[in-house]
Amino acid sequence: MDKFTIEIKWGVIFTVLALLWMVFEKTMGWHDVLIAKQAIYTNFFGIFAVLVYFFAIRDKKRNFYNGQMTWRQGFVAGIIVTIVVTVLAPLS
């Protein structure tokens, strides 16, 4: 479990960011009177999602693999972050 702490940390960060984005959408009125704009503006969350995954894999590379990571190790780290986000999604 100790080798997955970085992925769990970034999975939690992603989930918190997604919750904050939903609060932002709600305050902007994209779930009420401006629902037609929600389909367009919600795509901007993708930028933040990609950044979180980038920082997660960079963190794993720097702090776990000492700056040297193979493509497969990065892929597995991304999959584990995705699993953490998937588990936390129903709770959020």
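**Helix packing and loop residues in a predicted model**

Analyst: In this predicted model, the element of the protein chain with the lowest mean pLDDT is helix α2 (residues 35–41), at 90, while helix α4 (residues 71–88) has the highest, at 97.

User: What is the mean pLDDT of the protein chain, and what share of its residues reach 70 or more?

Analyst: The mean pLDDT of the protein chain is 94, and 100% of its residues reach 70 or more.

User: How do you know whether the span of helix α1 (residues 5–28) agrees or disagrees with what it should be?

Analyst: Helix α1 has 24 residues. The expected span is 1.5 Å times one less than the number of residues, which gives 34 Å for helix α1. The end C-alpha atoms of α1 are 34 Å apart, so the two values agree. The residue that follows α1 is G29, with a positive phi near 85°.

User: Which residues of α1 are buried, and what do the buried residues pack against?

Analyst: The buried residues in α1 are I6, E7, W10, G11, F14, T15, W21 and E25. They pack against α2, α3 (45–63) and α4.

User: Why does T15 count as buried?

Analyst: T15 lies in helix α1 and has a relative accessibility of 10%. Buried means under 20%; T15, at 10%, therefore counts as buried. Apart from neighbours within four places in sequence, T15 is in contact with V85, L88 and S92.

User: What makes E7 buried?

Analyst: E7 is also found in helix α1. Its relative accessible area is 3%, and the limit for a buried residue is under 20%, so E7 is buried. Not counting residues up to four places away in sequence, E7 touches K60, A77, I80, V81 and V84. The C-alpha atoms of E7 and A56 are separated by 6.8 Å, although these residues are 49 residues apart along the chain.

User: Why are α1 and α4 called oblique to each other?

Analyst: The axes of α1 and α4 come within 8 Å and cross at roughly 50°. Angles under 35 degrees count as roughly parallel, over 145 as roughly antiparallel and 65 to 115 as roughly perpendicular, with the rest oblique. The angle of roughly 50° falls in the last class, and α1 and α4 are therefore oblique to each other. Their crossing is right-handed. On the α1 side the contact is made by E7, I8, W10, G11, V12, F14 and T15; on the α4 side it is made by A77, I80, V81, V84, V85 and L88.

User: Is α1 roughly parallel or roughly antiparallel to α3, and what makes it so?

Analyst: The packing angle of α1 and α3 is about 165°, with their axes 10 Å apart. Angles over 145 degrees count as roughly antiparallel, so α1 is roughly antiparallel to α3. The crossing in which α1 passes α3 is right-handed. From α1, I6, E7, K9, W10, F14, L17, A18 and W21 take part in the meeting of these helices. Their partners in α3 are F45, F48, A49, V52, Y53, F55, A56, D59, K60 and N63.

User: Where is Q68 placed, and does it count as buried or exposed?

Analyst: Q68 is in the loop between α3 and α4. With a relative accessibility of 63%, set against the limit of over 50% for an exposed residue, Q68 counts as exposed. Its contacts, leaving aside neighbours within four places in sequence, are K61 and Q73. Q68 and H31 are 37 residues apart in sequence, and 44 Å separate them from C-alpha to C-alpha.

User: Why does G67 count as partly exposed?

Analyst: G67, in the loop between α3 and α4, has a relative accessibility of 31%. A residue counts as partly exposed when it is neither under 20% nor over 50%, so G67 is partly exposed. Setting aside neighbours within four places in sequence, G67 is in contact with K61 and R62.

User: How do you know whether N66 counts as exposed or buried?

Analyst: N66 has its place in the loop between α3 and α4. Its relative accessibility is 68%; exposed means over 50%, and N66 therefore counts as exposed. The phi of N66, near 55°, is a positive value in a residue other than glycine.

Methods: Residues numbered from 1 in each chain as written. Predicted model: local features only at pLDDT ≥ 70, side-chain atom pairs only at ≥ 80, totals over all residues. Heavy atoms only, no water. pLDDT = per-residue confidence, 0-100. Helix = DSSP H or I, 4+ residues; strand = E, 2+ residues; numbered from the N terminus. Buried < 20%, exposed > 50% of the residue type's maximum accessible area, 1.4 Å probe, protein only. Contact = heavy atoms within 4.5 Å. Axes fitted to C-alpha atoms, helices over the stretch in contact; angles between N-to-C directions. Left-handed = near helix turned anticlockwise from the far one by under 90°.
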